[in-house]
Every structure is written in C-alpha cells, then in structure tokens.
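Please find below some comments on the model, set out as numbered points. They concern pairings between side chains and where the partners lie.

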Amino acid sequence: QVQLVESGGGLVQAGGSLSLTCAASGSIFRLDDMGWFRQAPGQQRDLVAVITRGGSTNYADSVKGRFTISRDNAKDTVYLQMNGLKPEDAAVFYCNAKLITTSLRRLELWGRGTLVSVSS
C-alpha cells in the first residue's frame, strides 16, 4: 500500500501564511514529480505547483511569487509554503505524486485533501 497524507490546512486571514505538508509512505521505490492542486467549490481541480525529483518547479500564474513548493527526497515529503494568501486562494488542496513502487508499478496518487480557508 502506498498513500499520501496531507497536513497543515486551516483558516487564515487575508495576507497571512500557511504551510502544507504531504508525506508519502508505503512500498515506494522512487518518487518522481510531486505537486499540489486545488479545487474550490463548483470549480475544477487546478494545478498550483509541481516539483520534479531534481527540484525543478512550475507554478500557476496566480500563485507565482507568493507560494513556494519544495521537497525532501529523503523523507518522501513535499511542502507548500503559502504567503500573501487571498480569499480567492481558498480551496481544498490536494497532494499529487507520480511514483514507482517496489514491485515496479507506476502509480499516480492523490491525497485526501486539506481545506484552506481565507477570511477577508
């Protein structure tokens, strides 16, 4: 079994900061791209940020300069530091990972999501 577990969501005032963490566990041979997506009520799930195993990053235009994605390969963990939060950032944030299991299966996994609320 392989799973992703997110933590760190919550309620913050506009302009504030939150940090999200996603830890992968189980029979993992290698974690490749890891990322964060978000889904607001009635909206589709959109990419927020992604990071390759080598550390290359890509961000949605709406979060560039405010959010930072990072990872710790030794801990199979990805982070999202969110600064300057705006009410429009409020959503359920989902962790995503592409990986290879110890039985050499390629999988794409999603976490269960963590809610980020931003008050104006």
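Are Cys22 and Cys95 buried or exposed?

1. Both of these cysteines, Cys22 and Cys95, are buried, with the reservation that this is a predicted model. They form a disulfide in which the sulfur atoms are 2.1 Å apart, and a search of the whole structure finds 1 disulfide. Because Cys22 belongs to strand E3 (residues 18-26) and Cys95 to strand E9, the pair ties together parts that are 73 residues apart in sequence.

2. On the geometry of this bond, the torsion about the S-S bond of Cys22 and Cys95 is about -80 degrees, and the disulfide is therefore left-handed. As background, a disulfide is a covalent bond between the sulfur atoms of two cysteines.

3. Turning to charged side chains, the search of the whole structure finds 5 salt bridges, among them the ones described in the points that follow. In general, side chains of opposite charge can pair when their charged atoms come close.

4. Asp89 deserves a careful look in the viewer, with Arg38 taken as the starting partner. Asp89 forms a salt bridge with Arg38, and the closest N and O atoms of the two are 3.0 Å apart. Since Asp89 sits in the loop between strand E8 (77-82) and strand E9 (91-101), while Arg38 is part of strand E4 (residues 28-39), this pair ties together parts that are 51 residues apart in sequence. Asp89 and Arg38 are buried.

5. Arg66 also forms a salt bridge with Asp89, and here the closest N and O atoms are 2.7 Å apart. Arg66 lies in the loop between strand E6 (57-59) and strand E7 (67-72), and Asp89 in the loop between E8 and E9, so that the pair ties together parts that are 23 residues apart in sequence. Arg66, like Asp89, is buried.

6. Which residues are linked with Asp89 in a network of salt bridges? They are Arg38 and Arg66, so that points 4 and 5 are best read together, because Asp89 in its loop is paired with Arg38 of strand E4 and also with Arg66 of the loop between E6 and E7.

7. A further salt bridge joins Arg30 to Asp32, with the closest N and O atoms 2.7 Å apart. The partners should be described separately as regards burial: Arg30 counts as partly exposed because its relative accessibility is 30%, whereas Asp32, at 17% relative accessibility, counts as buried, the cut-off for that term being under 20%.

Notes. Residues numbered from 1 in each chain as written. Predicted model: local features only at pLDDT ≥ 70, side-chain atom pairs only at ≥ 80, totals over all residues. Heavy atoms only, no water. Salt bridge = Lys/Arg side-chain N within 4 Å of Asp/Glu carboxyl O. Buried < 20%, exposed > 50% of the residue type's maximum accessible area, 1.4 Å probe, protein only. Helix = DSSP H or I, 4+ residues; strand = E, 2+ residues; numbered from the N terminus. Disulfide = S-S within 2.5 Å.
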